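Q: Could you take a close look at one helix in this structure and walk me through how it sits among its surroundings? I'd like the long version, please.

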Amino acid sequence: MKLSLDRIVAKYPNAARSALIPMLQDVQANVGYVSREAMQRIARHLGLSTVKVFGVASFYNQFRFQAPGRFVIQVCRGTACHVKGSLRLLQNLQRELKVLPGQTTRDGVFTLEVVACIGACGLAPVICVNGEFHAGVTPEKLPKILAQYRKQAEAA
């Protein structure tokens, strides 16, 4: 069950500065990203400046500051995937989606991310879309994979 910002803050009734990262993580897990509103709310709750909260959040690459697309595509760039051609996959995705890693397509359907290692080295090269792994991906397979998710987005 996803929690609202009010419910997340309420989980930390007498929170101190040490609760900052857990609160940011809760927001990210429940909302999908850390909005300006969330940072302001957390700052007020903890008695910190919004600038301080943003400074901490922006230090860690686990936090997003924009809503992710409906489908988050993670391209593994670990050693096994690299050797098996994940750079070409990444380049093809960037060209096809017209975004760079960390960005979301204009229609809000896809967000492209690069990860150091997904942990599925025996299946290289691998991409993961919203937790669903696609193994042995080639540039020729990408259009079919993307079409599958586009169809889901249109059906919703």
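A: Before we get going, one cut-off: buried means under 20% relative accessible area, while exposed means over 50%. Also keep in mind that this is a predicted model.

The part to look at is helix α6, which covers residues 86–97. Twelve residues make up α6, and from its first C-alpha to its last it reaches 16 Å, close to the 16 Å expected at 1.5 Å a residue.

Now for the side chains. Ser86, Leu89, Leu90, Leu93 and Leu97 are the buried residues of α6. Looking down the axis of α6, you find these buried residues within an arc of 100°, so they line one face of the helix. Turn to the face pointing away from that buried side and you meet the exposed residues Arg88 and Arg95.

What sits over the buried face? The cover for the buried residues of α6 includes the strands β1 (71–76), β2 and β3 (127–129), along with the helices α5 (79–83) and α7 (142–155).

Follow the chain out of α6 and you come straight to lysine 98, just after the helix, with a positive phi of about 60°. Most residues other than glycine have a negative phi. Lysine 98 has its positive value although it is not a glycine. You'll find lysine 98 in the loop between α6 and β2, and with a relative accessible area of 72% it is exposed.

That loop leads on to β2, so to speak, one of the elements covering α6. Strand β2 spans residues 110–115 and has a second role here: with three residues, it gives the largest share of the lining of the largest pocket. About 350 Å³ of space lies in that pocket. Its lining has 14 residues, and those nearest the centre are Asn61, Phe63, Arg64, Gly102 and Glu113. By type, the lining splits into five nonpolar, seven polar and two charged residues.

Two of those central pocket residues, Phe63 and Arg64, turn up again in the contacts of glutamine 28. Glutamine 28 belongs to helix α2 (residues 20–31) and counts as buried, at 14% relative accessibility. Setting aside neighbours within four places in sequence, glutamine 28 is in contact with Tyr33, Val34, Gln62, Phe63 and Arg64.

Helix α2 also gives us another helix to set beside α6. The buried residues of α4 (residues 50–59) pack against α2 and α3 (36–46). Those buried residues are Val53, Val56 and Ala57. Seen down the axis of α4, they fall within an arc of 95°, so here too they line one face of the helix. On the side of α4 turned away from them are the exposed residues Val51 and Phe59.

Back to the cover of α6, which includes β3 as well. On the way from β2 to β3, the loop holds proline 125. Most peptide bonds are trans. The one from alanine 124 to proline 125 is cis, with omega near -10°. Past β3, asparagine 130 sits in the loop leading to β4 (132–134). Asparagine 130 has a positive phi of about 50°, although it is not a glycine. At 46% relative accessibility, asparagine 130 counts as partly exposed, whereas lysine 98 is exposed.

Methods
Residues are numbered from 1 along each chain as its sequence is written. This is a predicted model: local features need pLDDT of at least 70, side-chain atom pairs count only at pLDDT 80 or more; totals for chains, interfaces and linings use all residues. Side-chain values use heavy atoms; hydrogens and water are left out. On a 1 Å grid over the protein atoms alone, a cavity is a set of points where a 1.4 Å probe fits but cannot get out, and a pocket is an open set with protein on both sides within 12 Å along at least five of seven lines; lining residues have an atom within 4 Å of a point. Grid points are joined across faces, edges and corners, and a volume is the space filled by probe spheres set on the points. Helices (H or I, at least four residues) and strands (E, at least two) are DSSP runs, numbered from the N terminus. Ala, Val, Leu, Ile, Met, Phe, Trp, Tyr, Cys and Pro count as nonpolar, Asp, Glu, Lys and Arg as charged, and the others, Gly among them, as polar. The expected span of a helix is 1.5 Å times one less than its number of residues. Buried means under 20% relative accessible area, exposed over 50%, partly exposed in between (1.4 Å probe, protein chains only). The arc is that of the directions from the helix axis to the C-beta atoms. Contact means heavy atoms within 4.5 Å.
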